Amino acid sequence: MADQAENLRNLMGSKRKISPATRKNTRIIAISSGKGGAGKTSLVVNLAIALSQKGKKVMIMDADLGMANVDIMLGLVPRYTLYDVLEGKKSLGEVIITGYDGINVIPGCSGIFEMENVPLLQKQSLVKELESCAREMDFILIDTGAGISNIVLGFIAAADDVLIVITPEPTSITDGYAIIKILSKFKLSRKVYLVINMATSMQEALDSAHKIETVAGRYLDIEIIRLGVINFDNTVKKAIKEMTPFIFKYPRSQVSRDIIQIADNIAENKFGFSENHSNFARKLINLLR
Ligand SMILES: Nc1ncnc2c1ncn2[C@@H]1O[C@H](COP(=O)(O)OP(=O)(O)O)[C@@H](O)[C@H]1O
Ligand SMILES: [Mg+2]
């Protein structure tokens with residue numbers, strides 16, 4: 001774990017020159033949670049559409065290599081996935097598909113997948129293509145999957161900002177804290193954005209945030225920024241069954257209004273999201289090496 005953290009930190013602190021042409025103000029946000037089922041994918045998909053509706057160019061990268069399902073929530077049937085790129089069979093351009101409101105999606109691949117088995121050349125060409133893609137985007141949202149595997153931490157370290165999703169369930173709070181603790185202890189992030197999902201009341205959401213903030217304030221050196229609250233709403237399940245994002249089909253539902261609020265917070269940079277601090281592609285190639 002310590003070695004891994006060291007590698008990730010090196011990757012974060014790599015002082016390579018960033019050519020000005022490499023990035024515009026693309027903001028790369030990793031969305032993670034300690035535990036599965038917290039609502040990461042629902043958030044990523046609907047937030048991407050909300051940002052796109054505000055005129056932003058958005059790309060989703062489905063990096064949940066265990067349970068990739070961004071495409072399903074968007075009602076898309078991708079012909080190719082990230083897997084085909086890593087296998088060297090397709091270019092990223094051939095894999096990216098367009099969803100609601102013009103969002104771009106790099107579909108993920110589920111199943112047994114060993115990053116180590118991917119030839120370096122493939123990884124390098126993926127990173128190169130990602131780099132040119134990133135140049136076109138305002139936001140890249142990465143659905144990292146749950147937990148604290150190497151790959152999840154690697155994506156978090158490569159991104160500019162990390163957004164942790166928790167629910168008010170005690171286990172979700174504990175697991176959310178666990179991931180924040182790792183980010184802090186190994187100095188992978190200086191701040192995290194917190195979203196409380198499936199709240200049944202504002203008080204419940206505030207209590208959940210307060211619990212994490214109190215423990216983190218006492219034991220960790222990391223800033224926790226409340227980015228927003230998403231209420232529990234049966235519209236989410238209904239929309240998933242209909243394979244249509246709720247923000248598209250039920251724009252006036254409570255949960256859509258909650259997402260729009262979060263999109264406003266991000267787009268207007270109300271809480272000081274990092275801009276242009278990292279070189280995602282470079283860090284990613286270090287990660288994939
Ligand atoms: N705000 C919400 N209200 C009600 N149900 C929700 C909400 N957010 C997510 N869910 C439900 O939780 C389940 C897991 O959501 P998902 O986005 O797939 O989580 P993750 O990607 O973190 O595993 C889904 O079945 C979804 O319907
Ligand atoms: Mg998911």
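Of the 289 residues in this chain, 46% count as buried. The model is a predicted one, and its chain holds 13 helices and 8 strands. Among the contacts with a separation of 6 or more, 80% join residues 24 or more positions apart.

**The sheet**

Let us start with the strands. The 8 strands form an open sheet with mixed pairing, in the order β3-β4-β2-β5-β1-β6-β7-β8. The edges belong to β3 (97-98) and β8 (223-231), each of which has a single partner strand, so one side of each lacks a neighbour in the sheet. As general background, strands pair through backbone hydrogen bonds, in either a parallel or an antiparallel sense.

Strand β5 (139-146) is a good place to look next. How many of the residues of β5 are buried? The count is 8 of 8, so β5 is largely enclosed by the rest of the structure. In the sheet order, β5 sits between β2 and β1, and both of these pairings are parallel: β1 and β5 share 6 bridges, while β2 and β5 share 5 bridges. Further along, β6 (residues 161-166) also runs parallel to β7 and is joined to it by 4 bridges. The table collects these pairings, with one pair of opposing residues for each.

| Strand pair | Sense | Bridges | Residues standing opposite |
|---|---|---|---|
| β1 and β5 | parallel | 6 bridges | Ile28 and Ile140 |
| β2 and β5 | parallel | 5 bridges | Val58 and Phe139 |
| β6 and β7 | parallel | 4 bridges | Leu163 and Tyr193 |

**Helices on the sheet**

Helix α2 lies across five strands, namely β1 (27-33), β2 (58-62), β5, β6 and β7, and runs at about 175 degrees to β5. Helix α9 (residues 202-219) packs on the sheet as well, touching β6, β7 and β8, and its direction makes about 150 degrees with that of β7.

Helix α9 also has a helical partner. Helix α8 (residues 170-185) packs against α9 at an angle of about 40 degrees, with the axes 10 Å apart, and the crossing is right-handed. From α8, the contact draws on Ile173, Gly176, Tyr177 and Ile180, and from α9 on Ser208, Lys211, Ile212, Val215 and Ala216. By class, this contact has 6 nonpolar, 2 polar and 1 charged residues.

Two more helices are worth a visit. Helix α7 (residues 150-158) is mostly covered, with 7 of its 9 residues buried; these are Val152, Leu153, Gly154, Phe155, Ile156, Ala157 and Ala158. In helix α6 (residues 120-136) we find Leu120. Is Leu120 buried or exposed? Leu120 counts as exposed because it has 10 C-beta neighbours inside 10 Å, and the cut-off for exposed is 12 or fewer. The C-alpha atom of Leu120 is separated by 9.4 Å from that of Leu86, which is 34 residues away along the chain.

**Around ligand 1**

Which residues come nearest to ligand 1? Of the 17 residues around the ligand, they are Gly39, Lys40, Thr41, Ser42 and Val236. Three elements, α2 (40-53), β7 (191-199) and α10 (235-241), each supply at least two residues of the shell. By class, the shell has 7 nonpolar, 7 polar and 3 charged residues. Two of these elements have already appeared above: α2 lies across β7, among other strands, and both contribute to the shell around ligand 1.

Key: Residues numbered from 1 in each chain as written. Chains lettered and ligands numbered in written order. Predicted model: local features only at pLDDT ≥ 70, side-chain atom pairs only at ≥ 80, totals over all residues. Near = placed C-beta within 6 Å. Nonpolar A, V, L, I, M, F, W, Y, C, P; charged D, E, K, R; others polar. Pairing = 2+ DSSP bridges. Contact = placed C-beta atoms within 7 Å. Axes fitted to C-alpha atoms, helices over the stretch in contact; angles between N-to-C directions. Left-handed = near helix turned anticlockwise from the far one by under 90°. Buried ≥ 20, exposed ≤ 12 C-beta atoms within 10 Å, placed from the backbone.
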